[in-house]
Amino acid sequence: MSGTTDVADMFDWRLSIAEVEADGPFSAFDGYDRVLVLLDGAGMDLHFTETGERVELRPGNRCARFAGEAPIEALLVDGCLLYTSPSPRDRTRSRMPSSA
């Protein structure tokens with residue numbers, strides 16, 4: 001991943017846009033749920049290393065929602081632009097419209 005920035009340990013809500021240019025691990029957000037939306041580009045595969053599950057983010061399948069503590073390796077199809085929104089699962093809930 002590239003373009004990441006450290007944030008405070010606790011927050012109620014966060015929105016960010018990340019330009020991803022390389023394969024690599026996702027940052028952990030223990031206790032947070034994450035929503036990712038592919039905004040531009042060919043996409044990426046999210047490989048959940050503990051379960052072996054793989055989720056493909058592509059122009060036809062733009063959204064993924066998962067626990068922030070899940071260890072994930074991102075494998076790019078090509079560079080992409082992501083919207084990301086982690087939110088604490090005990091205080092807030094993120095939802096994406098079905099058309100996203």
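## Overall fold

Read from one end of the sequence to the other, this chain follows the pattern β-β-β-β-β-β-β-β. The tally is 8 strands and 0 helices, where helices (H or I, at least four residues) and strands (E, at least two) are DSSP runs numbered from the N terminus. Please keep in mind that this is a predicted model, in which local features need pLDDT of at least 70 and side-chain atom pairs count only at pLDDT 80 or more, while totals for chains, interfaces and linings use all residues. Residues are numbered from 1 along each chain as its sequence is written, and side-chain values use heavy atoms, with hydrogens and water left out.

Of the 100 residues in the chain, 35% are buried; buried means under 20% relative accessible area, exposed means over 50%, and partly exposed lies in between (1.4 Å probe, protein chains only). The accessible surface of the chain comes to about 5900 Å², with 48% of that belonging to carbon and sulfur atoms; these areas come from the Shrake-Rupley method with a 1.4 Å probe, and for residues only the protein chains shown count as cover. Contacts (heavy atoms within 4.5 Å) reach far along the sequence: among those between residues at least 6 apart, 68% join residues at least 24 apart.

## Strand β3 and its partners

Let us start with β3, which spans residues 32-41 and is mostly covered, with 7 of its 10 residues buried. Strand β3 is joined to β8 (residues 80-88) by 9 bridges, and the two run antiparallel; two strands count as paired if DSSP finds at least two bridges between them. Within this pairing, Leu38 stands opposite Leu82 in β8. Strand β3 also runs antiparallel to β6 (residues 63-67), joined to that strand by 5 bridges, and here Asp33 faces Ala67 in β6.

Strand β8 has a further link, since 5 bridges join β1 to β8 in an antiparallel arrangement. In this pairing, Ile17 has Tyr83 of β8 as its bridge partner. Strand β1 (residues 16-20) has two distinct faces: Ser16, Ala18 and Val20 form the covered one, while Ile17 and Glu19 form the uncovered one.

## The four-stranded open sheet

An open sheet of 4 strands is arranged in the order β2-β7-β4-β5, with antiparallel pairing. Its edge strands are β2 (24-25) and β5 (54-57), each of which pairs on one side only. Strand β4 (residues 44-48) pairs with β5 over 4 bridges in the antiparallel sense, and Asp45 has Glu56 in β5 as its bridge partner.

## The nonpolar core

The largest nonpolar core has 15 residues, and those with the most contacts inside it are Phe26, Leu36, Met44, Leu46, Leu57, Phe66 and Leu82. Two or more residues each come from β3, β4, β5, β6, β7 (72-76) and β8. Strand β4 gives the most, with 3 residues. By definition, such a core is a set of buried Ala, Val, Leu, Ile, Met, Phe, Trp, Tyr and Cys residues joined through side-chain atoms within 4.5 Å. In soluble globular proteins, nonpolar side chains tend to be buried together.

Leu36 is a good residue to click on: leaving out residues up to four places away in sequence, it touches Phe26, Leu46, Leu57, Arg62, Cys63, Ala64, Phe66, Leu82, Tyr83 and Thr84. Ala64, which lies in β6, is buried at 9% relative accessible area. With the same sequence neighbours left out, Ala64 touches Arg34, Val35, Leu36, Leu46, Val55 and Leu57. The C-alpha atoms of Ala64 and Thr84 are separated by 9.7 Å, and these residues lie 20 residues apart along the chain.

## Asp45 and the salt bridge

The whole structure holds 1 salt bridge, defined as a side-chain nitrogen of Lys or Arg within 4 Å of a carboxyl oxygen of Asp or Glu. The side chains that meet in this salt bridge are those of Asp45 and Arg58 (2.8 Å, N to O). Because Asp45 lies in strand β4 and Arg58 in the loop between β5 and β6, the pair ties together parts that are 13 residues apart in sequence.

How much of each partner is accessible? Asp45 is buried, with a relative accessible area of 14%, whereas Arg58 counts as partly exposed at 21%. Apart from its neighbours within four places in sequence, Asp45 is in contact with Arg54, Val55, Glu56, Arg58, Glu73, Ala74 and Leu75.
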